[in-house]
Amino acid sequence: MDFERLNVWKRSARLSASLYRHFADSRDFGFKDQITRSGLSVPSNIAEGMTRPSVKDRIKFLYIAKGSCAELRTQIYIGVEIGYIEREKGNEWVKETKEIAAMLTGLIRKQGDFDAG
């Protein structure tokens with residue numbers, strides 16, 4: 001399956017773009033770099049994983065994407081706490097990362113079912 005057709009990839013790519021736009025003018029380059037890298041890692045690892053020939057490799061990269069999602073969520077919480085992200089926007093992004101993580105869990109299970117079937 002082409003990764004571009006996956007809703008989880010589309011949503012995570014949109015979230016990454018949103019993060020880049022939000023932090024475009026940030027002077028805290030360390031925080032900006034870390035949070036945008038985490039956000040970019042999610043759709044990038046989905047794309048890389050879904051182009052791998054083996055189920056084991058696909059699942060590995062999907063788990064990396066899920067881990068990046070958790071890393072991103074942590075950085076969002078911290079960004080809200082230190083005033084870099086408005087609470088409402090932070091809550092929206094946290095909700096999105098939780099939904100993306102759940103979608104990744106479903107995709108991982110589907111890959112495992114594909115391997116077993």
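Valine 42 is found in helix H2 of this predicted model, and it offers a convenient point of entry. With a relative accessibility of 3%, valine 42 counts as buried, because the limit for that class is under 20% relative accessible area. Once neighbours within four places in sequence are set aside, valine 42 is in contact with Ser12, Ala65, Ser68, Cys69 and Ile100. Its C-alpha atom is separated by 7.0 Å from that of lysine 66, a residue 24 places away along the chain.

One of these partners, isoleucine 100, leads to another part of the chain. Isoleucine 100 is found in helix H4 and counts as buried, at 1% relative accessibility. Apart from neighbours within four places in sequence, isoleucine 100 is in contact with Val8, Arg11, Ser12, Leu15, Val42 and Cys69. Ser12 and Cys69 therefore appear among the contacts of valine 42 as well as among those of isoleucine 100. By contrast, the C-alpha atoms of isoleucine 100 and alanine 24, which are 76 residues apart along the chain, are separated by 23 Å.

The packing of the helices gives these contacts their setting. H1 and H2 pack at an angle of about 160°, and their axes are 9 Å apart. Since angles over 145 degrees count as roughly antiparallel, the two helices H1 and H2 are therefore roughly antiparallel to each other. H1 passes H2 in a left-handed crossing. On the H1 side the contact is made by Val8, Trp9, Ser12, Ala13, Ser16, Leu19 and Tyr20, and on the H2 side by Ile35, Thr36, Gly39, Leu40, Val42, Pro43, Ile46 and Ala47. By class, the residues of this contact comprise 11 nonpolar, four polar and no charged.

H2 also packs against H3, at an angle of about 160° and with the axes 8 Å apart. H2 and H3 are therefore roughly antiparallel to each other, and H2 passes H3 in a left-handed crossing. The contact of H2 with H3 has 13 nonpolar, nine polar and three charged residues.

What lies beneath these helix pairs can be followed through the nonpolar core. In soluble globular proteins, nonpolar side chains tend to be buried together. Here the largest nonpolar core has 28 residues, of which Ile35, Ile46 and Ile76 touch the most other members. The elements that give two or more residues to this core are H1, helix H2 (29-50), helix H3 (55-81) and helix H4 (87-116). H3 gives the most, with eight residues. Leaving aside neighbours within four places in sequence, isoleucine 35 is in contact with Leu19, Phe23, Leu72, Gln75, Ile76 and Ile85. Ile76, a partner of isoleucine 35, is itself one of the three residues that touch the most other core members.

Two residues of H1 complete the account. Serine 18 has its place in helix H1, which spans residues 7-22. Serine 18 is buried, with a relative accessible area of 17%, and it touches Lys89 and Trp93 when residues up to four places away in sequence are not counted. Arginine 14 also lies in helix H1, but arginine 14 is exposed, because its relative accessible area of 54% is over the 50% that this class requires. Between arginine 14 and proline 43 the C-alpha to C-alpha distance is 9.1 Å, although the two are 29 residues apart in sequence. Proline 43 is one of the H2 residues that make the contact with H1.

Technical notes: Residues are numbered from 1 along each chain as its sequence is written. This is a predicted model: local features need pLDDT of at least 70, side-chain atom pairs count only at pLDDT 80 or more; totals for chains, interfaces and linings use all residues. Side-chain values use heavy atoms; hydrogens and water are left out. Helices (H or I, at least four residues) and strands (E, at least two) are DSSP runs, numbered from the N terminus. Buried means under 20% relative accessible area, exposed over 50%, partly exposed in between (1.4 Å probe, protein chains only). Contact means heavy atoms within 4.5 Å. A nonpolar core is a set of buried Ala, Val, Leu, Ile, Met, Phe, Trp, Tyr and Cys residues joined through side-chain atoms within 4.5 Å. Axes are lines fitted to C-alpha atoms, for helices over the stretch in contact, and angles run from 0 to 180 degrees between N-to-C directions. Angles under 35 degrees count as roughly parallel, over 145 as roughly antiparallel, 65 to 115 as roughly perpendicular and the rest as oblique. A crossing is left-handed if the near helix is turned anticlockwise from the far one by less than a right angle, and right-handed if clockwise. Ala, Val, Leu, Ile, Met, Phe, Trp, Tyr, Cys and Pro count as nonpolar, Asp, Glu, Lys and Arg as charged, and the others, Gly among them, as polar.
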